[in-house]
Amino acid sequence: MVPDLPKILKVERTRISPWLEVVARDVSFSRDGPEETYYAIAQPDYVAVLAVTPDSRVLLVRQYRPAIERFSLELPAGIVDPDEDPLETARRELLEETGYHTVSIERIGQCATCSSRISNTTHSFFVRTGDRVVDFVEEQGVRVSLVSPGELRRLVLAGEFGELTHLGVLAQAFARGLLAL
């Protein structure tokens, strides 16, 4: 028998932008206890791409993130557009951010981005790339870099590659034998 508690009693959504809603959920955890309101951020699903070039280097992007008020070193990533398959988002974001085409792509996994605060899913992919597009121009504010797996390991341990969602992608890739650090 499946318990009927906790029970969501009411949901209110406040749209802040096309990319963000604040969701208030009134939840009851017992039949005679008070309801509690929990807040979350609703965003579209997200992709993160662990991409390896023909010379076995990992593609990273560095960009300024206003939320943390500093530059962040990350995997190529982005939001899944409405009615877009996450696999196609991964291909698109990789090309837009780095100028590298996808030769092969494999799903690494998918999981809650932050189960306590954000109600979306992160889809992660492992990509083998071709060569970079000739005359590719990086997006304003985005710098692409290539690192060896050993250099990536050093960056992770030094805290320079610190986007937790992306560290999770690396952990999943490592567990699947797709990346050796």
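Here is a walk through this structure, from how confident the model is to a few spots on its surface.

Keep in mind that what you're looking at is a predicted model. The predictor is fairly open about where it feels sure: the protein chain averages a pLDDT of 93, and 98% of the residues score at least 70. If you go element by element, confidence is highest in strand 4 (residues 46-52), at a mean of 98. Confidence is lowest in strand 6 (residues 70-74), where the mean is 93.

Now for the aromatic rings. How many aromatic pairs turn up in a search of the whole structure? There are two of them. Start with F29 and Y38, whose ring centres sit 5.9 Å apart. Their planes meet at 70°, and planes over 60 degrees apart count as edge-to-face, so that is the label this pair gets. As for how much of each residue shows at the surface, F29 has a relative accessible area of 45%, so it is partly exposed. Y38 comes in at 38%, which makes it partly exposed too.

The other pair is Y64 with F71. This one is edge-to-face as well, with 5.5 Å from centre to centre and 75° between the planes. Y64 has a relative accessibility of 41% and counts as partly exposed, while F71, at 40%, also counts as partly exposed. There's something extra to look for here: which residue lies over the face of F71? That would be R62, at 4.1 Å from the ring centre. So F71 has Y64 as its aromatic partner and R62 over its face.

Next, turn to the surface and find I16, V22 and Y39. Together these residues make a nonpolar patch of about 310 Å². To get your bearings, I16 belongs to strand 1, which covers residues 7-17. Is I16 buried or exposed? It has a relative accessible area of 54%, and since anything over 50% counts as exposed, I16 is exposed.

Last stop: R143, which you'll find in strand 10 (residues 142-147). With 47% relative accessibility, R143 counts as partly exposed. If you'd like a sense of distance, try picking out T89 as well. R143 and T89 are 54 residues apart along the chain, and their C-alpha atoms are separated by 20 Å.

Definitions and conventions. Residues numbered from 1 in each chain as written. Predicted model: local features only at pLDDT ≥ 70, side-chain atom pairs only at ≥ 80, totals over all residues. Heavy atoms only, no water. Phe/Tyr/Trp six-rings, centres within 6.5 Å; stacked < 30°, edge-to-face > 60°. Buried < 20%, exposed > 50% of the residue type's maximum accessible area, 1.4 Å probe, protein only. Lys NZ or Arg CZ within 6 Å of the ring centre and 35° of its normal. Patch = residues over 30% accessible without salt bridge, like charges linked within 9 Å, V, L, I, M, F, W, Y side chains within 5 Å. Areas by Shrake-Rupley, 256 points an atom, 1.4 Å probe, with all protein chains shown as cover. Salt bridge = Lys/Arg side-chain N within 4 Å of Asp/Glu carboxyl O. Helix = DSSP H or I, 4+ residues; strand = E, 2+ residues; numbered from the N terminus. pLDDT = per-residue confidence, 0-100.
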